[in-house]
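New to this one? Here is a quick briefing to read with the structure open beside you.

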Amino acid sequence: RHDTNLNSKSNLLRMTRKRAAFTLAEVLITLGIIGIVAAVTIPTLVKNYEKRVTVTKLKKVYSTLNQIMLKSFADNGPATQYLSAGAVVDAETTNNFFNTYWLPYFRSPHVADYGTTFYKRSGAYHLLNGVSNDVFIGTSDGRILFKDASGNIFLIRVDYWDQTYDSLGNSISAIARYNTTQLIWVDLNGEREPNTFGKDLFAFVADFSANNVVPSGYGLSDTKINNNCKKDGRGHYCAAKIMKDGWKIKDDYPW
């Protein structure tokens with residue numbers, strides 16, 4: 001009887017072990033389900049992480065630029081002493097202005113040499129709609145390209161084009177003149193792609209009359225900002241959209 005009980009227990013144990021094991025088919029099905037779930041969720045997690053990183057960097061740049069503006073004005077006074085309204089842009093004045101009002105307030109800035117760029121080509125930036133930007137992305141008269149210690153690339157332009165048109169509306173002359181309202185483009189991941197407005201590249205405006213820096217287009221209507229910051233738009237106002245949305249990249253953002 002004792003042997004019978006032992007045999008019964010052994011048989012029961014073997015049956016339990018047999019039932020607890022997984023077949024190869026079950027393992028493959030389970031792995032397939034895990035793969036499908038991962039394929040669906042991981043891209044979303046990565047995208048949300050990239051959005052959070054972008055917003056964090058953008059807020060930091062915005063704060064830094066405003067702090068620099070206030071400090072620079074307190075130290076140096078109005079910028080009009082360097083940038084006379086309507087004056088034609090030249091290398092010496094541009095150099096003096098940047099060396100006084102901007103560069104001393106960045107940590108270890110690395111300035112691109114005159115006529116050069118950090119990118120593989122001079123017109124490296126793209127609009128949100130995919131069109132290549134035709135502006136020279138480098139240091140020249142009226143503009144400066146530099147990296148800060150965090151790897152951000154800044155292109156600051158103090159020039160605007162004073163154009164003359166004929167009776168048919170064709171441009172017959174264009175003269176670069178100084179402007180105290182200055183365009184700032186910031187590439188948050190340096191030379192790395194996509195180098196596209198609204199993705200890693202954002203536009204700000206520094207106003208040396210009001211002593212502040214705001215996202216480009218910030219004073220415009222929500223409609224104009226949204227029309228600019230969409231998949232077939234230019235993307236120059238995307239920093240304004242993020243700021244107006246409470247420093248968030250929402251579901252309607254053309255990420």
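Start with the N-terminal end of helix α3, where Asp90 acts as the cap. One of its side-chain oxygens lies 3.1 Å from the backbone nitrogen of Glu92. Keep in mind as you look around that this is a predicted model.

**Helix α3 and its surroundings**

- Helix α3 covers residues 91–101, and its buried residues are Thr93, Thr94, Phe97, Phe98, Thr100 and Tyr101.
- One of those buried residues, Thr100, has Asp75 as a spatial neighbor to look up: their C-alpha atoms are 9.3 Å apart, with their positions 25 residues apart in sequence.
- Asp75 belongs to helix α2, and it counts as partly exposed at 42% relative accessibility.
- The side chain of Asp75 also makes a polar contact of 2.9 Å with the side chain of Tyr105.

**The sheet**

- What is the order of the strands in the open sheet? It runs β1-β2-β3-β4-β5-β6, six strands with antiparallel pairing.
- The edges are β1 and β6 (212–215), each of which pairs on one side only.
- As background, strands of a sheet pair through backbone hydrogen bonds, and they can do so in a parallel or an antiparallel way.
- At the β1 end, residues 110–111 make up the strand, and two bridges join it to β2 in the antiparallel sense.
- You can pick out both partners by eye: His110 is bridged to Lys147, and Val111 is bridged to Phe146.
- Strand β2 takes in residues 143–147 and is mostly covered, with four of its five residues buried.
- On to β3 (residues 153–165), which pairs with β2 over five bridges, again antiparallel.
- Within that pairing, Leu145 sits opposite Leu155 of β3.
- β2 and β3 make a hairpin with five residues between them. Look for Gly151 in the turn, which has a positive phi of about 95°.

**The nonpolar core**

- The largest nonpolar core has 40 residues. Those touching the most other members are Leu65, Phe97, Trp102, Ile184, Phe202 and Phe204.
- Which elements give two or more residues to this core? They are α2, α3, β2, β3, β4 (171–187), β5 (201–207) and α5 (238–244), so to speak a mix of helices and strands.
- Helix α2 gives the largest share of this core, with seven residues.
- Phe97 turns up twice in this briefing: it is one of the buried residues of α3 and one of the core members with the most contacts to other members.
- In general, nonpolar side chains tend to be buried together in soluble globular proteins.

**A nonpolar patch on the outside**

- Some nonpolar residues are at the surface instead: Phe22, Leu24, Val27, Leu28, Leu31 and Ile34 make a patch of about 660 Å².
- Leu28 is a handy one to click on, and it lies in helix α2 (residues 24–76).
- Is Leu28 buried or exposed? It counts as exposed because its relative accessibility is 51%, just past the 50% cut-off.

**Salt bridges**

- There are eight salt bridges in the structure.
- Asp162 and Arg177 form one of them, with an N to O distance of 2.7 Å. This pair links distant parts of the chain, 15 residues apart, with Asp162 in strand β3 and Arg177 in strand β4.
- The two partners differ in cover: Asp162 is partly exposed at 29%, whereas Arg177 counts as buried at 17%.
- Lys241 and Asp245 also meet in a salt bridge, at 3.6 Å from N to O. Lys241 is buried at 4% relative accessibility, and Asp245 is buried too, at 18%.
- Asp232 and Lys230 make another, at 3.9 Å from N to O. Here Asp232 is exposed at 55%, while Lys230 is partly exposed at 34%.
- Which residues are linked in a network of salt bridges? The members are Arg143, Arg157 and Asp159.
- The general idea is that side chains of opposite charge can pair when their charged atoms come close.

Note on methods:
Residues are numbered from 1 along each chain as its sequence is written. This is a predicted model: local features need pLDDT of at least 70, side-chain atom pairs count only at pLDDT 80 or more; totals for chains, interfaces and linings use all residues. Side-chain values use heavy atoms; hydrogens and water are left out. Buried means under 20% relative accessible area, exposed over 50%, partly exposed in between (1.4 Å probe, protein chains only). A polar contact is a pair of N or O atoms within 3.5 Å; within protein, one must be able to donate a hydrogen and the other to accept it, and residues adjacent in sequence count only if both atoms are side-chain atoms. Two strands pair if DSSP finds at least two bridges between them. Patches are made of residues with over 30% relative accessible area and no salt bridge: like charges are joined within 9 Å, nonpolar side chains (Val, Leu, Ile, Met, Phe, Trp, Tyr) within 5 Å. Accessible areas come from the Shrake-Rupley method with a 1.4 Å probe; for residues, only the protein chains shown count as cover. A salt bridge is a side-chain nitrogen of Lys or Arg within 4 Å of a carboxyl oxygen of Asp or Glu. A nonpolar core is a set of buried Ala, Val, Leu, Ile, Met, Phe, Trp, Tyr and Cys residues joined through side-chain atoms within 4.5 Å.
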